Structures are given as structure tokens and as C-alpha cells.
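Subject: Structure for your files

Hello,

Here is the structure I said I would pass on. My notes on it follow below the entry.

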Amino acid sequence: WQTSLAGAAAAGEDLCPLCRQWLAAHASTRERVPLLEQFYTRIFEGLPPIHSLLDLACGLNPLTLPWMGLSPTTRYHACDLYQSEADFFNGVFPLLGVTGEFSVCNLLQELPTQAVDVALLLKTIPCLEQVDKRIGSRLLAEIDARVLIVSFPGRSLGGHQRGMAANYEAHFITLMAGFDYRYDKIEFANEIVFRIFK
């Protein structure tokens, strides 16, 4: 992937087709591919300029950077479990148009401490809460971001809704009960997003 991306960039080609292809290789990011043209426009709408962004438990989400519309001077911090991801993304962040850094981390063991303008926590809380029921509240409390953007799946990977969005919204409201944060909600076909203003 790194060689393909570098070759496309050197040839002056649009990197979006390659990024779309690779995003489709993972079930979670595959669901977001049809929404890319509107997803970040909507979730970043009305926010102050983003000078730093933290993408937590990011998986392949850094491949959506071409659609984020971030400034080349934005500091983009990504973290997830795998060294192979870190090696790949640390090699291609300049090609994707940001000053980026990918670190290996396990949110169940230690949370990042850097202060950022925006943090992304996309479809992550339900997975982590299968191991630690308190991790959702910890993330909301301890991630040092002016705006924390949290999302939940709107349907199962098999495409079934089964009231998932309503259930996750109710769970989110329960999580928020202990905090005095303002938030709003943005709904997409497969994902429900909450923007928390801390």
C-alpha cells in the first residue's frame, strides 16, 4: 500500500481512489465509504479551525484524510494497537497532506494525554465496553479535547438496524449524565455521531 500510494503521489494522481479501495477492506470503515463526501463536512461544520486532531483506536480511518479538509499545518495524532499500522501511516502521512504521528496504544490500559482541538472516537466505545464497562465514561472524562466526536453504529455489520441507533443514543445519554458537557447529534444512514463540547 505504501509503495502504491507513493507511486500515485509521485505521478500526480488523485489518491482518493486508492484510499477508497483500502477503506473498503475493513468492515467498519467500509460502511463510511459512501458517506465520505459529506461525513467530515458535517461533523466539522461550525467548529473553529482545527490545529490538532487525535484519532483514537483509528484502524484504517487515517485513509479518510483526503476528505477531512484539514490544513497542511494541522497536527494529526492517530493511535491504535498495531505496529504495522504505525509503520505504514507514519510513512505516508506526508502524502496524505498532514503533519502526522501514529503511536501504538491500548486504550484499555492507558489513555493519550495530549491536549488537542478535536478528538475522534468513532464506533469504538461499544467494542471497548465489552472488556471494560467503565471505559466509556473514562474516555469522556479524560480525553483532553475541546471537541470530542463520538460515534456509534446505526446498524449491524449485516445491515440490520434492530433499534441499534436508539439503543446507543440512550446509552450515550446515560454516559453523559455525569458530565456538564454540551453536545449535539448528527445522524447518518449507518452511524450516529455526537459532538461533545468540553
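Phe188 sits in the loop between β6 and β7. The model is predicted, so please read what follows with that in mind.

The loop belongs to a hairpin, in which three residues connect β6 to β7. Strand β6 covers residues 182-187 and strand β7 residues 191-197; the two run antiparallel and are joined by six bridges. One pair to look at is Lys185, whose bridge partner in β7 is Phe194.

Is Phe188 buried or exposed? Its relative accessible area is 10%, and because buried means under 20%, Phe188 counts as buried. Leaving aside residues up to four places away in sequence, Phe188 touches Leu35, Gln38, Phe39, Arg42, Ile43 and Val193. Arg32 is 156 residues from Phe188 along the chain, yet the C-alpha atoms of the two are separated by 9.4 Å.

The other place I went through is strand β1, residues 52-56. Five of its five residues are buried. In a regular strand, side chains alternate between the two faces of the sheet. In β1 both faces are covered: Ser52, Leu54 and Leu56 are buried on one side, and Leu53 and Asp55 are buried on the other.

Which strands pair with β1? One is β2 (residues 75-80), which pairs with β1 in the parallel sense over five bridges; here Ser52 has Arg75 as its bridge partner. Another is β4 (residues 116-122), also parallel to β1, with three bridges. On that side Asp55 stands opposite Leu120.

Now the chain as a whole. The secondary structure amounts to nine helices and seven strands. The radius of gyration is 16 Å, which agrees with the value near 16 Å for a compact globule of 198 residues. Along the principal axes, the C-alpha trace spans about 50 × 35 × 35 Å. Of the 198 residues, 49% count as buried. Among contacts with a separation of 6 or more, 66% are between residues 24 or more positions apart.

On the surface, the accessible area is about 9400 Å², and carbon and sulfur atoms make up 52% of that. The protein has 16 positive and 21 negative charges, and the mean positions of the two sets are 6 Å apart.

Regards

Definitions and conventions:
Residues numbered from 1 in each chain as written. Predicted model: local features only at pLDDT ≥ 70, side-chain atom pairs only at ≥ 80, totals over all residues. Heavy atoms only, no water. Helix = DSSP H or I, 4+ residues; strand = E, 2+ residues; numbered from the N terminus. Rg over C-alpha atoms; globule rule 2.2 N^0.38 Å. Buried < 20%, exposed > 50% of the residue type's maximum accessible area, 1.4 Å probe, protein only. Contact = heavy atoms within 4.5 Å. Areas by Shrake-Rupley, 256 points an atom, 1.4 Å probe, with all protein chains shown as cover. Lys, Arg positive; Asp, Glu negative; His and termini not counted. Charge placed at Lys NZ, Arg CZ, Asp CG, Glu CD. Pairing = 2+ DSSP bridges.
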